[in-house]
Amino acid sequence: MTAIVLTDAALALGDDALVLSHRLGEWAGHAPVLEEEVALANIALDLLGQARVLLSQVGDEDELAYLREERAFRNLQLVEQPNGDFAHTIARQLYFSTYQHLLYGELAAGEGEFTALAAKAVKEVEYHRDHAEQWTLRLGDGTEESHRRMQRACEALWRFTGEMFQPAPGLDLDWADLETRWTASVTSVLGRATLTVPEGPRTGAWAAGAGRQGLHTESFGRMLAEMQHLHRSHPGASW
Amino acid sequence: MTGVTATATAAAGTDASYLAVFDAAVAADDRIEPRDWMPEAYRSSLVRQMAQHAHSEIIGMQPEANWITRAPSLRRKAILMAKVQDEAGHGLYLYSAAETLGTGRDELLDKLHSGRQKYSSIFNYPTLTWADVGAIGWLVDGAAITNQVPLCRCSYGPYARAMVRICKEESFHQRQGYELLLTLSKGTPEQHAMAQDAVNRWWWPSLMMFGPPDDESAHSAQSMTWKIKRHSNDELRQRFVDIAVGQAEGLGLTLPDPELRWNEDRGHHDFGEIDWTEFWEVLKGNGPCNEQRITQRRRAHEEGAWVRDAAAAYATKQQTQRAHETQQETTVAAAQHPNGEATA
């Protein structure tokens, strides 16, 4: 692996974690039960920790987080999707943490720059995946309303899932195999939750690998405006 | 006191003997535990105070969460997220502690949402700049700690034990708030001005956190007799001012009180009169954010109702299914004749 490629990979994985952490941070004070205030903040913190390690491999974490514009971010479109209702947030968590769990599992088992990070992260992500799975079961197999909302959330986010398996630069993985295992895992959870696996396309022409190329959805720019505003208002200041 | 002794002693006695055992335990600085007999007024006073304390943790998440998405560095963002998470955790401890007195979390939240129980008046002030996050850590958490450290010796065991855990985390938050302000104070002129402005806005509301003056405090005398409270409002307020003055100097920031000065004779700082009209107005619901805070809390609860319903429905289904499986196993086992022959 060359240095440039490593940088690309660290940026892609770091941006995923940074952006999803930010979205989860928006839940603070709004969760349906106190236990979820704790859980969502906890997951957000884990992800922020991962982001900081990864971005620091590339450069200054704050410069990268606060001074890049939308087109320079390399995160998946999935993680930038607005929180929506609790079902949307859980569907996004299920899709992403299943992916991240498999991905970090591979990286932890291999050799290279990410082994140490992945070995730590994979334990955290296993909890995230379990949390998302438990809630998918409760919502899917809960009441009629929760079932309907969970099904709708799974469908709404489905079209962003194909992007996860577009080969990320610098990560030498069997992406097709990752996709097969991801599909099997998610299909099993949705089945146990009495939910139907969405039938729509996993990715559109626009979404195929778009986030990794800096092509994002519209809400992302607004998210960055909020995230970066204070930092950008005081150039060169320390915090 | 040990639950066993109190119950055994009181069991044979009258109300007067129950009370004597209780009074003796309080006088001896023993802990009252959930199964011990206690005067109804002691119980209801504790429920009121612990509920208000728990509600304050929950409402108190809002002014700080307001800055999570705008925190100016990733390090600060992580610290702030962890702090808000701790507050939710403190709320959970305190609701659990209150539940040992025979009330339920749902009931307490209901009282918060309907305005029948209060939360600390401080959280009705807005966080207008990033420096407010530091001022809350330093002053608001500082005042909270001054109030809460004596509660670690409160006569009611579950409350005292919750406070031991909570105070440890609060002290950590306070140091982080102080360090945030110090960084701003030593930063650019704009950052320094931001820090000073935040301290100017949070100083007086922080002094109000200790409650009304001693001669106007409705619950103080009784709470002190019961050793729920150990020091008067004014004593704690004075203690806080004396500590804060030195810390403000360390920060290179001033406190917005022209009458603040050291009094050699008293060995304390004299300070200006608190605006009690403002205090009572905020308490009555007319502060800058009262409406907003309670509306957001109610909305989170109402919008989360379908999620809680789903969790309950799922749990019931799982239970039914487990019961069904157990029954099937029992049936299968019973169907096996002791000599190994299956019955028809």
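Read along the sequence, the helices of chain A follow one another as α-α-α-α-α-α-α-α-α. The exercises below concern a predicted model, in which local features need pLDDT of at least 70, side-chain atom pairs count only at pLDDT 80 or more, and totals for chains, interfaces and linings use all residues. Residues are numbered from 1 along each chain as its sequence is written, chains are lettered from A and ligands numbered from 1 in the order in which they are written, and side-chain values use heavy atoms, with hydrogens and water left out.

**Exercise 1. Describe the fold content and the dimensions of chain A.**

Step 1. Count the elements: chain A has nine helices and zero strands. Helices (H or I, at least four residues) and strands (E, at least two) are DSSP runs, numbered from the N terminus.

Step 2. Compare the radius of gyration with the globule rule. The value for chain A is 17 Å, close to the 18 Å that the rule gives for 239 residues, so chain A is as compact as a globular protein of that length. The radius is taken over C-alpha atoms, and the rule is 2.2 Å times the number of residues to the power 0.38.

Step 3. Add the extents: the C-alpha trace of chain A spans about 55 × 40 × 35 Å along its principal axes.

**Exercise 2. Characterise burial, contacts, surface and charge in chain A.**

Step 1. Of the 239 residues, 58% count as buried. Buried means under 20% relative accessible area, exposed over 50%, and partly exposed in between (1.4 Å probe, protein chains only).

Step 2. Among contacts in chain A with a separation of 6 or more, 80% join residues 24 or more positions apart. Contact means heavy atoms within 4.5 Å.

Step 3. The accessible surface of chain A is about 9,400 Å², and carbon and sulfur atoms hold 53% of it. Such areas come from the Shrake-Rupley method with a 1.4 Å probe; for residues, only the protein chains shown count as cover.

Step 4. Chain A carries 20 positive and 35 negative side chains, with the centres of the two sets 3 Å apart. Lys and Arg count as positive and Asp and Glu as negative, while His and the chain ends are not counted. The place of a charge is NZ of Lys, CZ of Arg, CG of Asp or CD of Glu.

**Exercise 3. Carry out the corresponding description for chain B.**

Step 1. Chain B has 14 helices and two strands, and its C-alpha trace spans about 95 × 55 × 35 Å along the principal axes.

Step 2. Buried residues make up 50% of its 344 residues. Of the contacts in chain B with a separation of 6 or more, 76% involve residues 24 or more positions apart.

Step 3. Chain B exposes about 15,700 Å², with 54% supplied by carbon and sulfur atoms. The mean positions of its 35 positive and 45 negative charges are 4 Å apart.

**Exercise 4. Analyse the interface between the two chains, and the place of B:Trp306 in it.**

Step 1. The contact takes 47 residues from chain A and 44 residues from chain B.

Step 2. About 4,000 Å² is buried between the chains, and carbon and sulfur atoms give 68% of this area. Buried area is the accessible area (1.4 Å probe) that two parts lose on being put together, summed over both.

Step 3. On the chain B side, B:Leu74, B:Trp306 and B:Tyr314 lose the most area to chain A, together 20% of what that side buries.

Step 4. B:Trp306 lies in helix α14 (residues 305-335) and is buried, with a relative accessible area of 6%. Its contacts, not counting residues up to four places away in sequence, are A:Asp85, A:Phe86, A:Ala87, A:Leu139, A:Glu145, A:Ser146 and A:Arg149.

**Exercise 5. Contrast the settings of B:Tyr156 and B:Phe271.**

Step 1. B:Tyr156 occupies the loop between α7 (131-148) and α8 (157-185), and B:Phe271 the loop between β2 (268-270) and α12 (276-286).

Step 2. B:Tyr156 is buried, with a relative accessible area of 0%, whereas B:Phe271 is partly exposed at 24%.

Step 3. Leaving aside neighbours within four places in sequence, the contacts of B:Tyr156 include B:Arg31, B:Pro34, B:Tyr42 and B:Leu101; those of B:Phe271 include B:Leu207, B:Arg237 and B:Val241.

Step 4. B:Phe271 and B:Arg261 are ten residues apart along the chain, and their C-alpha atoms are separated by 6.7 Å.
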